[in-house]
Amino acid sequence: MRAAIFDLDDTLYERVQFVQSGFAAVAQEVERRFGLPAPWILATLRRARVRGHEGRELQALCADHGLPDTLIPELVEVIRRHEPTLTLGSVASAVIAQMRADGWRVAILTNGLPATQRAKVEALGLEPRVDAVLYAEEHAPGGKPSRAAFDAALAAVGVPASSAVFIGDDLVRDIQGARAAGLFTVRVPASGTQRGEADADVIAMLEEVPAAAGRLVKGSGAHAA
């Protein structure tokens with residue numbers, strides 16, 4: 001029995017989808033409460049992100065439209081609690097299907113607020129496609145890279161670490177955390193980035209994961225953890 005455990009954000013789908021969906025929810029909320037047209041609000045948020053204010057788009061929104069800074073925590077909650085519009089790409093869908101067809105047990109282990117991450121999983125239609133979905137913060141304070149989160153995922157798929165591969169984009173939370181827990185690792189570079197550091201056992205694009213994972217587990221006698 002072999003297992004492939006995937007990170008979610010920026011591994012199976014591009015997190016920017018969730019950000020843009022959240023911006024749309026904020027725009028609707030601001031229109032409802034203040035009468036400002038939602039398209040204006042959405043354009044402000046997108047413009048702020050493009051101009052290098054990533055992570056401070058809500059501050060830019062309030063500054064540009066004369067809204068109080070005290071509104072920002074409420075808008076953060078709008079983003080966290082909205083029902084996102086997300087699409088699972090054809091590559092991710094095909095990779096999951098191929099690995100399950102090849103006899104792998106497939107799971108997802110994701111950081112973030114569990115309620116928010118559950119909404120993402122539901123929007124992407126992932127739960128029926130995999131054997132288990134785990135929300136890391138339910139198993140360890142702060143989630144990954146805590147070993148407890150990876151141990152919970154291994155227990156869910158019923159395989160030892162030596163027969164499991166973790167696939168993720170984050171060098172610390174995903175790769176270093178998984179390696180410390182004894183799993184093989186495949187780092188999937190985030191969209192638009194170079195393959196970068198070689199701290200993972202393999203660095204591969206998502207479509208290369210089934211072959212890369214197969215090579216790693218087949219050679220498990222020389223486990224790299």
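Which residue lies over the face of phenylalanine 18, and at what distance from the ring centre? Lysine 120 does, at 4.4 Å from the ring centre; a charge is said to sit over a ring if NZ of Lys or CZ of Arg is within 6 Å of the ring centre and within 35 degrees of the ring normal.

The model is predicted, and local features need pLDDT of at least 70, side-chain atom pairs count only at pLDDT 80 or more, while totals for chains, interfaces and linings use all residues. Residues are numbered from 1 along each chain as its sequence is written, and side-chain values use heavy atoms, with hydrogens and water left out.

**The largest pocket**

Phe18 and Lys120 appear again in the largest pocket, where they are among the lining residues that lie nearest its centre, together with Asp9, Arg15 and Val19. A pocket is found on a 1 Å grid over the protein atoms alone, as an open set of points where a 1.4 Å probe fits, with protein on both sides within 12 Å along at least five of seven lines, and lining residues have an atom within 4 Å of a point. The volume of the largest pocket is about 730 Å³, a volume being the space filled by probe spheres set on the points, which are joined across faces, edges and corners. Its lining of 29 residues contains seven nonpolar, seven polar and 15 charged residues, where Ala, Val, Leu, Ile, Met, Phe, Trp, Tyr, Cys and Pro count as nonpolar, Asp, Glu, Lys and Arg as charged, and the others, Gly among them, as polar. Helices α1, α3, α4, α6 and α8 each give two or more residues to this lining; helices (H or I, at least four residues) and strands (E, at least two) are DSSP runs, numbered from the N terminus.

**Salt bridges**

Side chains of opposite charge can pair when their charged atoms come close. With a salt bridge defined as a side-chain nitrogen of Lys or Arg within 4 Å of a carboxyl oxygen of Asp or Glu, the whole structure has 15 salt bridges, including the three in this table.

| Pair | N to O distance |
|---|---|
| Lysine 144 and aspartate 7 | 2.8 Å |
| Aspartate 131 and arginine 100 | 3.0 Å |
| Arginine 173 and aspartate 170 | 3.2 Å |

Lysine 144 is in the loop between β3 and α7 and aspartate 7 in the loop between β1 and α1, so their salt bridge ties together parts that are 137 residues apart in sequence. Lysine 144 is buried at 3% relative accessibility, and aspartate 7 is buried at 6%; buried means under 20% relative accessible area, exposed over 50%, and partly exposed in between (1.4 Å probe, protein chains only). By contrast, aspartate 131 is partly exposed at 29%, as is arginine 100 at 33%. Elsewhere, Glu29, Arg32, Arg33 and Glu74 are joined in a network of salt bridges.

**An aromatic pair**

Rings of Phe, Tyr and Trp (its six-membered ring) pair if their centres lie within 6.5 Å, with planes under 30 degrees apart counted as stacked, over 60 as edge-to-face and the rest as tilted. One aromatic pair results from this rule: the rings of phenylalanine 150 and phenylalanine 166 have centres 5.2 Å apart and planes at 75 degrees, so the pair is edge-to-face. Phenylalanine 150 belongs to helix α7 and phenylalanine 166 to strand β4, so the pair ties together parts 16 residues apart in sequence. Phenylalanine 150 is buried, at 1% relative accessible area, and phenylalanine 166 is buried at 0%.
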